[in-house]
Amino acid sequence: MTMALEGIRVLDLSRTPPGEYASMLLADFGADVLMVEVPPGAVARFNVRAGAPQTAAGARALAHNALRRNKRGTAINLRDEDGQRIFRALVERSDVVIDGFRPGVTKRLGIDYESLEAINPRVITCSVSGFGRTGPYEPRAGHDINYISIGGALGTIGNAQGEPVLPLNIIADFAGGGLMAAFGILLALQARERTGRGQDVDAAMSDGVASLMISHVAAMLAGAGPPRRGDHVLSGARCYYQVYECADGRWISVGAIEPYFFEELCGALGFEEFVPHQNDPARQAEMQAAFAARFRERPRDEWFADFGHLDACLTPVLDLDEMLDDPHQQERAMALEVEEDGVGAVRHVGVAPRLLGTPGSVRSTAAHLGRHTDEVLAALGESPESIAALKERGVVA
């Protein structure tokens with residue numbers, strides 16, 4: 001079956017999760033993604049993952065690295081003249097180049113959009129960075145915590161009495177960064193169909209976070225005021241949109257926002273008298289305490305088994321290992337096993353979104369550093385002797 005991005009060639013120099021996630025999404029749907037990494041010893045700060053796994057345990061751990069799945073791997077020293085020659089030859093036959101460098105690095109390396117456009121006018125470049133290539137914060141270092149701070153998300157997460165709560169690195173790195181970058185690349189590919197030319201995509205994670213906050217910003221500008229921690233309908237200010245501890249110490253989540261859902265919830269818990277007071281601020285503490293006491297009477301999975309089918313928006317709060325074993329996730333292939341030679345079956349999160357006509361798939365697990373170097377260079381016309389010499393000099397690995 002044809003895949004949605006079949007025939008699209010991507011060079012991924014990102015080396016950090018936001019860019020790697022963007023190229024993983026493209027690879028899942030058929031793009032030929034070649035990771036261009038750093039040969040051992042070329043640049044010390046980027047050699048954290050250098051080298052192939054030396055043990056069965058190392059190979060298995062690598063195979064679980066979903067950010068590298070469905071990709072090929074090579075390593076090229078871009079500070080070497082021959083490395084530049086090889087990279088430029090790859091750019092000539094590629095559609096997309098992704099990097100995760102701080103602004104200015106691609107210019108210094110001679111691989112910025114203007115330099116690559118001269119080689120291939122149809123090429124699309126995408127830089128995934130923290131603050132983008134303009135603005136007063138452009139040169140500053142940072143991580144997810146910094147981008148969700150500047151983007152306005154972190155200050156809204158947590159309860160009213162406490163400090164902001166860190167939501168792992170899923171908001172900036174993966175949603176505001178990787179997902180937005182993949183979206184920008186797809187837009188640029190679509191635009192190229194009309195213009196015949198590529199373009200540069202400046203994917204700043206702080207921009208992506210601000211975009212994700214758009215509905216809350218709109219409500220604030222319309223007069224609702226900025227959402228405060230624990231003081232919004234969706235952040236803990238209402239009893240019907242809350243998490244409750246159960247008898248076994250595990251948690252249940254409730255999202256009964258609409259009145260008919262709230263009525264169903266109250267009926268299930270035996271609190272019909274609360275129905276008329278759903279949004280009464282003076283009754284929230286009382287109702288939340290009553291719900292909390294009721295949920296502590298039974299284990300989490302009993303609640304879900306007996307009441308999960310109701311229109312009360314009641315679901316268990318699953319740990320990640322539980323998520324992979326959840327029957328719904330398994331039926332929708334969001335928890336799957338992939339066979340890897342010499343390793344056996346390894347578990348991966350499945351592919352989203354689901355395209356019914358040209359679906360994505362997990363076709364291979366992670367490639368170790370330099371796994372496909374020989375075939376990549378052979379396709380460029382390099383002889384076996386030349387490849388061996390390049391490896392000996394540390395130009396490639």
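1. What is the mean pLDDT of the protein, and what share of its residues reach 70 or more? The model is a predicted one, its mean pLDDT is 94, and 97% of the residues reach 70 or more. A reader should nevertheless set apart residues 46-52, over which the pLDDT is below 50, although in the model this stretch has 18 contacts beyond near neighbours in sequence.

2. Two helix pairs deserve a comment, and two packed helices are described by the angle between their axes and the distance between the axes. For helix α10 (residues 259-269) and helix α11 (residues 284-295), the packing angle is about 50° and the axes are 11 Å apart. That angle makes α10 oblique to α11, and the crossing of the two helices is left-handed.

3. On the α10 side of this contact stand Phe-262, Leu-265, Cys-266 and Leu-269, which meet Met-287, Phe-291, Arg-294 and Phe-295 of α11. Sorted by class, the residues of the contact between α10 and α11 comprise seven nonpolar, no polar and one charged.

4. The second pair consists of α7 (170-195) and helix α8 (residues 205-212), whose axes come within 8 Å and cross at roughly 100°. Because angles from 65 to 115 degrees count as roughly perpendicular, α7 and α8 are described as roughly perpendicular to each other.

5. In the contact of α7 with α8, the residues contributed by α7 are Ile-171, Ala-172, Asp-173, Ala-175, Gly-176, Gly-177 and Met-180, and they meet Met-205, Gly-208, Val-209, Ser-211 and Leu-212 of α8. By class, this contact holds seven nonpolar, four polar and one charged residues.

6. The loop between α6 (144-150) and α7 contains Leu-168, a residue other than glycine whose phi is nevertheless positive, near 55°. With a relative accessible area of 68%, Leu-168 is exposed, so a reader checking its backbone will find this residue among those above the 50% cut-off for exposure.

7. Val-165 has its place in the loop between α6 and α7 as well, and with a relative accessible area of 42% Val-165 is partly exposed. Leaving aside residues up to four places away in sequence, Val-165 touches Leu-154, Ile-157 and Gly-158. For one of these partners, Leu-154, the separation from Val-165 is 11 residues in sequence and 7.2 Å in space, taken from C-alpha to C-alpha.

8. Is Asp-28, a residue of helix α1 (residues 17-28), buried or exposed? Its relative accessibility is 1%, and Asp-28 therefore counts as buried. Not counting residues up to four places away in sequence, the residues that Asp-28 touches are Met-3, Arg-69, Asn-70, Val-351, Gly-360, Ser-361 and Arg-363.

9. Asn-70, one of the residues touched by Asp-28, lies in the loop between α2 (56-63) and β3 (71-75). Its phi is near 60°, again a positive value in a residue other than glycine, and at 8% relative accessibility Asn-70 counts as buried.

10. A last backbone point concerns Ala-352 and Pro-353, which are joined by a cis peptide bond with omega of about 0°. Pro-353 lies in the loop between β11 (344-349) and α15 (373-379).

Key
Residues are numbered from 1 along each chain as its sequence is written. This is a predicted model: local features need pLDDT of at least 70, side-chain atom pairs count only at pLDDT 80 or more; totals for chains, interfaces and linings use all residues. Side-chain values use heavy atoms; hydrogens and water are left out. Axes are lines fitted to C-alpha atoms, for helices over the stretch in contact, and angles run from 0 to 180 degrees between N-to-C directions. Helices (H or I, at least four residues) and strands (E, at least two) are DSSP runs, numbered from the N terminus. Angles under 35 degrees count as roughly parallel, over 145 as roughly antiparallel, 65 to 115 as roughly perpendicular and the rest as oblique. A crossing is left-handed if the near helix is turned anticlockwise from the far one by less than a right angle, and right-handed if clockwise. Contact means heavy atoms within 4.5 Å. Ala, Val, Leu, Ile, Met, Phe, Trp, Tyr, Cys and Pro count as nonpolar, Asp, Glu, Lys and Arg as charged, and the others, Gly among them, as polar. pLDDT is the predictor's confidence in each residue, from 0 to 100. Buried means under 20% relative accessible area, exposed over 50%, partly exposed in between (1.4 Å probe, protein chains only).
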